[in-house]
Amino acid sequence: MPTAAIVGAGLIGQGWAIVFARAGWQVRLFDAEAERTAQARMLVVRQLHALQTHGLARDADAIAQRVHIAATLEEALAGAAYVQENCPEVVELKRERFAAFDALADPTAILASSTSSIPASRFTEHLRSRHRCLVAHPVNPPYLAPVVEICGAPWTDASTVARAREILASVGQRPVEVRAEIEGFILNRLQGALLQEAFRLVRDGIASVEDIDTTVKDGLGLRWSFMGPLETIDLNAPGGIADYCARYGGMYASIAATQAQPPDWTEDLVGQLARERRAVLPEKDLAPRRFWRDEQLMRLMRHKQPSGDTNA
C-alpha cells in the first residue's frame, strides 16, 4: 500500500489526506505546529463521515485509520512515494521546505506543492533533484472538487509530470496540465478575471454583491457545473463555437474595451464588499456556512457520478 506525506495540516492538507486515504493510500500528516494536527485529524474524520452519508466514501472509520499523525518531518517523509506541501504562500518558506524534502524524502518520491500562484521555479532551482519537483494545485476542498493543476518548472522531467498525473488520477482527481509556468496557473487566472469584473460592477454601482452572486450561482454556474465556458459557447450557436464567435465577437470586443483597466482593490471598495457580505452572512456564521458549502458540493458530486457525462 503506497504512502503519501502531507506536510501542512490546514484545510488543504486535510483535504489531501482525505483524497489519498479514501483511495487506499496510507497517509502521514505533519504540521510544524503539532497542536494543529490533532484538530486536523478530527476534522478529517468528521468530513469522511459526511462523505459516507452521501455515498462518496464506503467506510469512514476504515479510511480514517489510514491517516496517521507524524511527529516529525522525517517520520512523515520516510518511504513516501508522493509528498504534498501545503505551507503558507511564502517563497522562502517553500524553499526551506523543499530543501528538507530533497534531503529526506525517498529519491524516487514526487515532491509537489499546493501553491495557488507561485511557480515551482521560484522555490526549487537550488535543489539537487529539482527534476522531480512540481506544483499540484488543488481546488478547495480537493475531495469534492477534483481538478488539480499540474505545472512543472523548466527543469521538471516530463516523466515526473506524467507520473504525477497518473498518481493523481488514480486517487480520483482530475489532473490538468499547465504547459508553461504562469502566475496563478489556470483556475485562479480565470477566477481573477471574473472577480475583477464583479468588483468593477460593484464599484460603479451597476449591481449589488448579492445580485452578482445570484447571477453566477443561478445562471453561469448552473452550466459551468457540468461544462466549461468553451463548451458552453460551442453549444450556444447553431454552428458551434466558430458561429458563436462570428455572432458575438463584436459584442465581446466592445465590452472588453471598457475593461482595459482592472479596478484597484481599494480599502473603500473592499469595505463595501465586506459590509454587503456581512449583512447577508454575519462573521460568526462563516464556519457553519463552509460546512453547508461542502454539503452542497457532496450533493452535486453524488448527482454527477451516475450522469451521462463521461468526463465527470
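The legends below accompany close-up views of a predicted model.

**View 1. Two domains make up the chain assignment shown here.**
Let us start with the overall layout. Domain 1 covers residues 3–177, and domain 2 covers residues 186–280. How far apart do the C-alpha centres of domain 1 and domain 2 lie? The separation is 32 Å.

**View 2. The span 4–179 carries a UniProt domain feature.**
An unreviewed UniProt entry places "domain: 3-hydroxyacyl-CoA dehydrogenase NAD binding" at these residues. In the predicted model, residues 4–179 are 41% helix and 20% strand. The C-alpha atoms at the two ends of this span are 25 Å apart.

**View 3. Strands β1, β2 and β3 are joined by parallel pairing.**
Begin at strand β1 (residues 3–7), which runs parallel to strand β2 (residues 26–30) and is joined to it by five bridges. To find your place along this pair, look for I6, which stands opposite L29 in β2. Helix α1 (residues 11–22) belongs with these two strands: β1, α1 and β2 form a β-α-β unit that is right-handed. Moving on, β2 also pairs with strand β3 (residues 67–69), again in the parallel sense, over three bridges. Here V27 is a handy landmark, standing opposite V67 in β3.

**View 4. Strand β5 pairs with β4 and with β6.**
Four bridges link strand β4 (residues 82–85) to β5, and the pairing is parallel. Across this pair, E85 stands opposite S113 in β5. How does the chain get from β4 to β5? It crosses through helix α5 (residues 91–104), making a right-handed β-α-β crossover. With strand β6 (residues 133–138), β5 shares three bridges, and these two strands also run parallel. A112 marks the spot on this side, standing opposite L134 in β6.

**View 5. The side chains of β5 point two ways, and all are buried.**
Zoom in on residues 110–113, the extent of strand β5. I110 and A112 point one way, while L111 and S113 point the other. Are these four residues buried or exposed? On both sides of the strand they are buried.

**View 6. Cysteines C133 and C151 are shown without a disulfide, as the structure holds zero of them.**
C133 is in no disulfide, and the nearest cysteine sulfur to its own belongs to C151, 13 Å away. Why is C151 not bonded to C133? Its sulfur is 13 Å from that of C133, the closest cysteine sulfur, and therefore too far for a bond; a disulfide would need the two sulfur atoms within 2.5 Å. Both residues are buried: C133 has a relative accessible area of 0%, and C151 has one of 1%.

**View 7. The span 184–270 carries a second UniProt domain feature.**
The unreviewed UniProt entry places "domain: 3-hydroxyacyl-CoA dehydrogenase C-terminal" here. What share of this span is helix, and what share is strand? Residues 184–270 are 69% helix and 0% strand. The end C-alpha atoms of the span lie 21 Å apart.

**View 8. D294 sits in helix α13.**
This last close-up looks at one residue of helix α13, which covers residues 286–304. D294 has a relative accessible area of 6%, so this residue counts as buried. Which side chain does the D294 side chain touch in a polar contact? Its partner is the side chain of R293, at 3.0 Å.

Notes
Residues are numbered from 1 along each chain as its sequence is written. This is a predicted model: local features need pLDDT of at least 70, side-chain atom pairs count only at pLDDT 80 or more; totals for chains, interfaces and linings use all residues. Side-chain values use heavy atoms; hydrogens and water are left out. Buried means under 20% relative accessible area, exposed over 50%, partly exposed in between (1.4 Å probe, protein chains only). Two strands pair if DSSP finds at least two bridges between them. A crossover is right-handed if, with the strands pointing away from the viewer, the path from the first strand over the helix to the second runs clockwise. UniProt positions are given in the numbering used here, feature names are shortened, and annotations may be inferred rather than shown by experiment. Domain bounds come from an automatic or database domain assignment. A polar contact is a pair of N or O atoms within 3.5 Å; within protein, one must be able to donate a hydrogen and the other to accept it, and residues adjacent in sequence count only if both atoms are side-chain atoms.
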